[in-house]
Amino acid sequence: MKHLCVNCWYIYDEVIGEVEDWIEQWTRLDDIRENFVCPNCFESSDNFQEITPHIHNLDDKKNILWIEAEHIPIIEFLEDWFIKIEVNHPDEESHFLWNIAIYDEYSDLVYEEFFKPWEPAYLEYDISDLDDFEIRTTCSLHWIFSKKFER
């Protein structure tokens, strides 16, 4: 998640952490809230608000931009209702695919797998209990991309 300091507009990104304050990557703001102050204006963490991520819907798009193309999940249907999901996303220390999530037709989370920088964004999952499903990929820089699939 990302959190905005409402005083100076600094953004704390849990994926990146805060190198200058020795806060490691993947450190949740809730885990450090009582000791954390904004590195720009020194306001307490009580002045931070969670930024709601924007979901980019990739369904039925005729003209895909390059930035969208690198976030589209590639689905391969395997035997016995298994699917293989892969995303050909560039990986850098601060720009990588954070997770792949599978949602059912009611938009309820069914399965989620997280990745670290330089890990391949790949998973296999049994969809025998799902009729329609949605794949969401979360990029550490460009938020969430969504694509729906029907069987």
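**Entry 1. Glu76 and its partner**

I began with Glu76, which is partly exposed at a relative accessible area of 41%. I note at the outset that the model is predicted. I then looked for the salt-bridge partner of Glu76 and found Lys84, with a nitrogen-to-oxygen distance of 3.9 Å between the two side chains. This pair qualifies as a salt bridge because the nitrogen has to lie within 4 Å of the carboxyl oxygen. Lys84 is likewise recorded as partly exposed, at 23% relative accessibility. I add that buried would require under 20%.

**Entry 2. The network around Asp30**

I next asked which residues are joined into one network by salt bridges that share partners. They are Arg28, Asp30 and Arg33. I looked up each link in turn. Arg28 and Asp30 meet through their side chains at 3.2 Å, N to O. Arg33 and Asp30 form a salt bridge at 3.4 Å, again N to O. Asp30 therefore takes part in both bridges, with Arg28 and with Arg33, as the 4 Å limit is satisfied each time.

I also checked how open these side chains are to the surroundings. Arg28 is partly exposed, with a relative accessible area of 42%. Asp30 falls in the partly exposed class at 48%, and Arg33 does so at 25%. For the whole model I noted a count of five salt bridges.

**Entry 3. Negative charge on the surface**

I searched the surface for gathered charge. Which residues make up a patch of negative charge there? I found Glu79, Asp80, Asp126 and Asp129.

I then placed two of the members. Asp80 sits in the loop that runs between β5 (74-77) and β6 (82-86). Asp80 is exposed, with a relative accessible area of 62%. Asp129 belongs to the loop between β9 and β10, and I recorded Asp129 as exposed at 74% relative accessibility. Both values meet the requirement for exposed, which is over 50%.

I also looked at Asp129 against Asp104. These residues are 25 residues apart along the chain, and their C-alpha atoms are separated by 9.2 Å.

**Entry 4. The nonpolar core**

I turned to the interior. The largest nonpolar core holds 16 residues. Which of them touch the most other members? I listed Ile83, Ile85, Ile100, Ile102, Phe133 and Ile135. I then traced the core back to its strands: β6, β7 (97-104), β9 (122-126) and β10 (132-139) each supply at least two residues. The largest share, three residues, comes from β7.

The strand β6 thus entered my notes twice. It contributes to the core, and it borders the loop that carries Asp80. For β9 and β10 I made a similar remark: both supply core residues, and the loop between them holds Asp129.

**Entry 5. The chain as a whole**

I recorded the overall architecture. The protein chain has two helices and eleven strands. In what pattern do they follow one another along the sequence? I read β-β-α-β-β-α-β-β-β-β-β-β-β. The C-alpha trace spans about 55 × 30 × 30 Å along its principal axes. Of the 151 residues, 40% count as buried.

**Entry 6. Two tryptophans with positive phi**

I checked the backbone angles and noted two tryptophans. Trp9 has a positive phi of about 75 degrees, although Trp9 is not a glycine. Trp9 is located in the loop between β1 (2-5) and β2 (11-13). I found Trp9 to be exposed, with a relative accessible area of 64%.

Trp143 also shows a positive phi without being a glycine, here about 70 degrees. I placed Trp143 in strand β11, which covers residues 143-150.

**Entry 7. Glu24**

I closed with Glu24. Is Glu24 buried or exposed? Glu24 counts as exposed, at 62% relative accessibility. I located Glu24 in the loop between β2 and α1 (29-32). I then compared Glu24 with Glu14. The two are ten residues apart in sequence, and their C-alpha atoms lie 8.7 Å apart in space.

Technical notes:
Residues are numbered from 1 along each chain as its sequence is written. This is a predicted model: local features need pLDDT of at least 70, side-chain atom pairs count only at pLDDT 80 or more; totals for chains, interfaces and linings use all residues. Side-chain values use heavy atoms; hydrogens and water are left out. Buried means under 20% relative accessible area, exposed over 50%, partly exposed in between (1.4 Å probe, protein chains only). Patches are made of residues with over 30% relative accessible area and no salt bridge: like charges are joined within 9 Å, nonpolar side chains (Val, Leu, Ile, Met, Phe, Trp, Tyr) within 5 Å. Accessible areas come from the Shrake-Rupley method with a 1.4 Å probe; for residues, only the protein chains shown count as cover. Lys and Arg count as positive and Asp and Glu as negative; His and the chain ends are not counted. The place of a charge is taken as NZ of Lys, CZ of Arg, CG of Asp or CD of Glu. Helices (H or I, at least four residues) and strands (E, at least two) are DSSP runs, numbered from the N terminus. A nonpolar core is a set of buried Ala, Val, Leu, Ile, Met, Phe, Trp, Tyr and Cys residues joined through side-chain atoms within 4.5 Å.
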